[in-house]
Structures are given as structure tokens and as C-alpha cells.
Amino acid sequence: MNVEIHDIKIEYPDGCNIILGQTHFIKTAEDLYEIIATTVPQARFGVAFTEASGPCLIRTEGNDVELVQGCVQVLNSIGAGHVFCVLLRDAYPINVLNQIKNCPEVCRIYCATANPLQVIVASTLQGWGVLGVIDGLPPKGVETDEDRQERRDLLRRIGYKR
């Protein structure tokens, strides 16, 4: 058996968060659209899903053409089946992540981030599959008391803590 490992740098629009995951059924694109639209109505987003059988198309939904196209580009660069991509603006992944995890066809979430992102894929004679992700940069140290206070202030300023 011949397996090759590849690292794919993921490019996505500035000011967005990205959610990547594995799923298994053609209704994923519509279900994820409904989840995001009803959970965070003001969110701008794109959704795409790669089929792994039949016509093997990239299925798309969303309310922002740029973000839908961004999802398509991400999935084309990964090249694996049964992967979904969500690009979000005007919302954070924390707003929709639990609902996405509870979607019956979603198998796993690889990441939810606004950081630089690489996807590690393996290729075989059959095709490509996601092994995992590299999300962001390595740690540079441990937070100080001042850093801790800045973190706490940020969470209150953006409305996630009181």
C-alpha cells in the first residue's frame, strides 16, 4: 500500500471564521444552512460539502456568494470526500458549533478557527482523506496576570461573559 502525506495551506477570506468537519450524507449542505440561518440570523455565511460517491460534486448553500465560493476553493484544495466547510462573518463558531455537532450527518469537527490553517491529508490510490489540522501557531509562553485580565476584559467586551 502506498500512502503519501500532504499539508494543504487553507486560504479563506479575511474577517471570517472557518469550520471544517466530516459528514456523510447529501443533505448536509441544506441542514447546515438551516442551522446557521436559524441560530444566528444576522450571520453571513457559505457552506459546502464534498460528496464521496455518485457524481462526487461539491454541494453548496449560503447567503453570501463570496463565502460560498471561498468554501468551494477550500474543499477543492483539500480534495477529500465527505468534508464540509463553513465560512462565517458576523458570527463566531461558538454561536453555531453545538448545533452543527448535533446535526445527524456530522461525524466530527476538525476545527473552528480564524487562525492560519493547514489541513493534513493522506493520499492513496483510492483518493484523499483528512488526517487532521494544524490550527494557528505554537505557544509562546504562559499568560501573566496582565494577560489574564486582558482575556477576561475581552470576553466581557464582546458579550460572552458578564
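## Contacts along the chain

Among contacts in the protein chain between residues at least 6 apart in sequence, what percentage join residues at least 24 apart? The value is 66%. Keep in mind as you explore that this is a predicted model.

## The overall build

Let's begin with the secondary structure. The protein chain has four helices and eight strands. If you follow the sequence from its start, these elements come in the pattern β-β-α-β-β-α-β-α-β-β-β-α. The radius of gyration of the protein chain is 17 Å, and the globule rule gives 15 Å for 162 residues; the two are close, so the chain is as compact as a globular protein of that length.

You can also picture a box around the C-alpha atoms: along the principal axes, its sides are roughly 55 × 35 × 25 Å. Of the 162 residues in the protein chain, 38% are buried. The chain exposes about 9600 Å², and 50% of that area comes from carbon and sulfur atoms.

## Two aromatic pairs

Now for the rings. A pair of aromatic rings is described by two things: the distance of the centres and the angle of the planes. How many aromatic pairs does the structure hold? There are two. In one of them, the ring centres of Tyr33 and Phe45 lie 5.2 Å apart with their planes at 55 degrees, so this pair is tilted. It links distant parts of the chain, with Tyr33 in helix α1 (residues 28-39) and Phe45 in strand β3 (residues 44-50), twelve residues apart. Is Phe45 buried or exposed? Phe45 has a relative accessibility of 0%, so it counts as buried. Tyr33 has a relative accessible area of 29%, so this residue is partly exposed.

The other pair joins Tyr92 and Tyr160, and it is edge-to-face, with 5.8 Å from centre to centre and 70 degrees between the planes. This pair also links distant parts of the chain: Tyr92 sits in the loop between β5 (83-89) and α3 (97-101), while Tyr160 is in the segment after α4, 68 residues apart. Tyr92 counts as partly exposed because its relative accessibility is 40%. Tyr160 is partly exposed as well, with a relative accessible area of 32%.

## A nonpolar patch on the surface

Tyr92 and Tyr160 turn up again when we look at the surface. Together with Ile94, Leu154 and Ile158, they form a nonpolar patch there. The accessible area of these residues comes to about 460 Å² together. Try finding Tyr160 in the structure above, in the segment that follows α4 (145-157).

## Two residues with positive phi

Which residue in the loop between β3 and β4 (58-62) deserves a look at its backbone? It is Cys56. Phi of Cys56 is near 50 degrees, a positive value in a residue other than glycine. Its relative accessibility is 45%, so Cys56 counts as partly exposed.

Asp90 also has a positive phi, about 60 degrees, although it is not a glycine. You will find Asp90 in the loop between β5 and α3. Tyr92 is in the loop between these elements too. Is Asp90 buried or exposed? With a relative accessibility of 52%, Asp90 counts as exposed, because the cut-off for that class is over 50%.

Key: Residues are numbered from 1 along each chain as its sequence is written. This is a predicted model: local features need pLDDT of at least 70, side-chain atom pairs count only at pLDDT 80 or more; totals for chains, interfaces and linings use all residues. Side-chain values use heavy atoms; hydrogens and water are left out. Patches are made of residues with over 30% relative accessible area and no salt bridge: like charges are joined within 9 Å, nonpolar side chains (Val, Leu, Ile, Met, Phe, Trp, Tyr) within 5 Å. Accessible areas come from the Shrake-Rupley method with a 1.4 Å probe; for residues, only the protein chains shown count as cover. A salt bridge is a side-chain nitrogen of Lys or Arg within 4 Å of a carboxyl oxygen of Asp or Glu. Rings of Phe, Tyr and Trp (its six-membered ring) pair if their centres lie within 6.5 Å; planes under 30 degrees apart count as stacked, over 60 as edge-to-face and the rest as tilted. Buried means under 20% relative accessible area, exposed over 50%, partly exposed in between (1.4 Å probe, protein chains only). The radius of gyration is taken over C-alpha atoms; the globule rule is 2.2 Å times the number of residues to the power 0.38. Contact means heavy atoms within 4.5 Å.
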